[in-house]
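Here's a quick briefing to read with the structure open beside you. Take it one topic at a time and look for each spot as you go.

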Amino acid sequence: MNSWLTRLKQATYNTSFMYSLRMIIAFTGTAFVPYLLNCQLYTIPLTLGVVAAGLSDIDDRFSVRIMNQIYTYIGFFITAVSIYLLFPYPILFAIGLIISCIGWILLGSLGRRYATISYGCLVIAVYSMLGVDLFENWYMQAGLLVIGAIWYGLLSTISFLLFPVRQVQDKLAQCYSSLGDFLFAKSNLFDVDMTAGSYQQSLIELSMENGKLISIFNDMKTALLTRLKGDRGQKDTRRSLQYYFVAQDIHERADSAHIDYQKLAKIFEHSDILFRFQRVLSLQAKACKDLSQSIMHRQAYNHNQRFKHAFRNLRISLDKLRAEQQYDQVWVNALFSLYQNLKAIDAQLRNVETERHIKFDKAKQAENQLKDDDLKGWDDMAVRLKQHLTPESVLFRHAVRVSIVLFIGYVFVQLTDIEYGYWILLTALFVSQPNFNATKRRLYLRIVGTLIGIILGYGILYFIPSIEGQLLLLILSGVLFFELRSKQYAQATAFITILALINFNLDGMGFAAAIPRMIDTLIGCALAWFGVSFIFPDWKFRRLGRTIRRSLLAQCNYLSEVMNQYKNGRNNGLNYRIVRRAAHNTDADVASLISTLATEPNFDPAQKAQAFEFLSLNHTFISYIAALGAHRDKIEDQEVLQLMDQALDNIQGALLHDEVPDLSSQNMLNAVRQRLAQQNDEDHKSLIVLQQLSLMFSILNQLSQLKQNLSHERDQKSTELASL
C-alpha cells in the first residue's frame, strides 16, 4: 500500500503527466457528454472552446487567474457573436476583421496576460467562421464555445488549487537545467585543442545558451512576482525566490571571464591545468542538472562528493604553477581568480538547500525584491500602446501584416467560394510569426504535419467507423496536440488535423474535408509567406546598429554600477539586479537578432562575418564585467579607484560616442599593465580590478570599430530599403 501511494505521489510530481491528465478529462467531457445527451454536434464547438482556452491559459495567482478567465470568456463570446452577426455582410465583416485583428494583437503590448487573451480571441474568431452554419440561433455556437472554455478553465483552476506552486517550481527547474547547459558551453572554452574558428564558434554557442537562460530567468521572475503579490509570506514562494537569486549569482560567476581563453589554451596547452578547470565546470554543469531534477521531483539535492577531490587537485596544480615560476604571474594570478570564482559557485550549490539560503532575512529585504513590470494605471496603458503605434515596432508590423493576410484570405474565400475556405485563415493565423525565419520554419512543419494528419485521419475514419472509437481518438489527438505543440510543431499539427477531421465527421463530412484541408493549408501557408516577405518585411526595419548601441549602453551602465560598489561596498539590491538584467537582456537581443538576420535573404556575407565577430566580442566584454561583479567588494586604494573612473570614461567614450582612444588611454593601459606586474598578492581585490580593466582595453578598439561598421552599414542599408 505504501509503495502504491509513493508511486502515486511521484506521478503527481510529473508535470507533463498531470497536464495530460487534465487534457484527457477536458476532451472526455466535450466528447462524451454530448454523446450521452444525443447532441453529438455540440462536440465540435465545445472541443474548439477547450482548444482556444488551452492556448490562452496563463499561469498567475488565483485572483488574477479568475479575472483572466472572466475576460477571456467575455472576449470569446463577443468575438463569436460578432462573427455570426457580421457574416452575412462581407464588406462590414472585412472591415471588422482588419480592425479587430490589429486591435487584438496590439493589446498584447500591455503584457503577457493580454497577449494570450487576444490570441485566444483571434483563434475563436476563425473557429467561429468554420462553424457559422452549424447552428441557427446567434448565441448557440458562441455559448458552446464559451462553455468549452469554462470547462477547461474549471479544470485548470482545480489543478492550480491542488498544486499552487507547481508552475513556479517547474520554471525554477528549467532555470537550473538551462544553467547547466550554459556551464557545459562555458567548459568548451577550456579545450586546449581549439582553433581560432572553433573558439569563435564556442563563444557564439555560449552567447546563444546565455540568451536562452536569460529568457527563462525573465519568465521565472514574472512567475515569482505574481505569487509574491498574492501571498507575501508563503514559504514555498520565498524558498523559490532564494533559489532564483542563487541561480542568478551562479550565472554571473559562470559568465565571468578572468582571462583571454584563446591565449590561455596556447600558453598552457601542455599542462593539465585547463583539463582540470574544464572538469570542474563540467561537474558543476552536471550538478545544476541534478539540482533541476531534485526540484522537479521534490527531492533533497545531494552535492557530489567528487567536487572536494577535484578542487583539491586543482589547487595543487595551481600551487605548482606558481612555485615553478615558468609562466607569467599575470596568467597564474588570473587562474587563481578563476579558481576562487569556481569555489564560490561550488559553495552556492553545496549550500543551496541550507537554512542560511532559504530563510528570509528581513534585514536584507532590499536585496529580496523584484522589479514590478505590471501596468500601473490608464496612463501606463496609453504610454505602452503609443510606443507600438509605429512601423518601427515589431508588434505593430506583425499586427498589420496578419490583418492584411487574413483580409486577403477572406476576399479569396468570398471570390472563389472554395470548400472549407476558412481553414486558409486559420492556417495563416497559426503560421504567421513576427519574424521571417520563424514563419518560414513553421510553413514547412505545418505542411508536413497536415499531410501526415490527413493520411492518418483517413485511416482512422476508414478503419474505425464507430462514433465511440472516433471519440476516443479525438481525445487522444487533442491531448497529444497540447503535449507536443511547443516541442514538435509538425507532430502537433498532425494531431490537431486528426481532431479536425473527426470533428467534421460528426457532421458526416470527414472524408470530404480531408483534401480541402490540405489545399487550404497550402494556400494559407502561401499567404503567410507572402505576408512576412512583402508586408513590412523585417529586414527593412531591422536596426542592427540600434540594437548594438542599446546593448553597449546597458553594458556601460552595468560596469558603472559594479565600479560604484567597489567604492561603496557590495550590495545585491534591486538597482544592481536591474542593470545586470538589462545588460544580459540586451546581449541576448543582439544574439537573437544576428542569428535571425543571418538566415534572411540578401544578408551580406562580409557583414555576416563581422556581425558574428561582434557577437563573440560583445559577450566576451560582458563576461569581463561579470567577473568584476562576481568579486565586487569595497576597496580603499585611491589610485585604483581613480584608475577605475578614468577607465569608465574611456570605455564609455569609445563604445557610446565613437571616440578614438587617445594617448591618455594608451598611457592608462600601460599603467594598468605595469601595476599588474608590480602588484603583490596581498591586495587581491585591486589585482582583479586591474586584471579585468586590462582585458577590457585589450578588445575595446576592435569592439568599437565593429560597432561603428555594423551600425553605419546596416542602418544605411535599412534606410535605403525602407525608402523603396
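**A residue in helix 12**

Let's start with Gln 293, which sits in helix 12. Keep in mind that this is a predicted model.

- How exposed is Gln 293? Gln 293 has a relative accessible area of 40%, so it counts as partly exposed, the class between under 20% (buried) and over 50% (exposed).
- Gln 293 also has a partner to look for: Ser 177 is 116 residues apart from it in sequence, yet their C-alpha atoms are 8.2 Å apart in space.

**A residue in the loop after helix 12**

- Now find the loop between helix 12 (273-296) and helix 13 (306-324), where you'll spot Asn 302.
- Asn 302 has a relative accessible area of 65%, which is over the 50% cut-off, so Asn 302 is exposed.
- Along the chain, Asn 302 and Glu 353 are 51 residues apart, while 9.4 Å separates their C-alpha atoms.

**Where two helices pack**

- Helix 10 (residues 235-255) packs with helix 25 (residues 605-630) at an angle of about 120 degrees, and their axes are 7 Å apart.
- Why is this pair called oblique? The angle of about 120 degrees lies between the 65 to 115 range for roughly perpendicular and the over 145 range for roughly antiparallel, so helix 10 and helix 25 are oblique to each other.
- The crossing of these two helices, helix 10 and helix 25, is left-handed.
- On the helix 10 side, Glu 252, Arg 253 and Asp 255 make the contact; they meet helix 25 residues including His 619, Ile 622 and Ser 623.
- Sorted by class, the contact of helix 10 with helix 25 has three nonpolar, three polar and three charged residues.

Technical notes
Residues are numbered from 1 along each chain as its sequence is written. This is a predicted model: local features need pLDDT of at least 70, side-chain atom pairs count only at pLDDT 80 or more; totals for chains, interfaces and linings use all residues. Side-chain values use heavy atoms; hydrogens and water are left out. Axes are lines fitted to C-alpha atoms, for helices over the stretch in contact, and angles run from 0 to 180 degrees between N-to-C directions. Helices (H or I, at least four residues) and strands (E, at least two) are DSSP runs, numbered from the N terminus. Angles under 35 degrees count as roughly parallel, over 145 as roughly antiparallel, 65 to 115 as roughly perpendicular and the rest as oblique. A crossing is left-handed if the near helix is turned anticlockwise from the far one by less than a right angle, and right-handed if clockwise. Contact means heavy atoms within 4.5 Å. Ala, Val, Leu, Ile, Met, Phe, Trp, Tyr, Cys and Pro count as nonpolar, Asp, Glu, Lys and Arg as charged, and the others, Gly among them, as polar. Buried means under 20% relative accessible area, exposed over 50%, partly exposed in between (1.4 Å probe, protein chains only).
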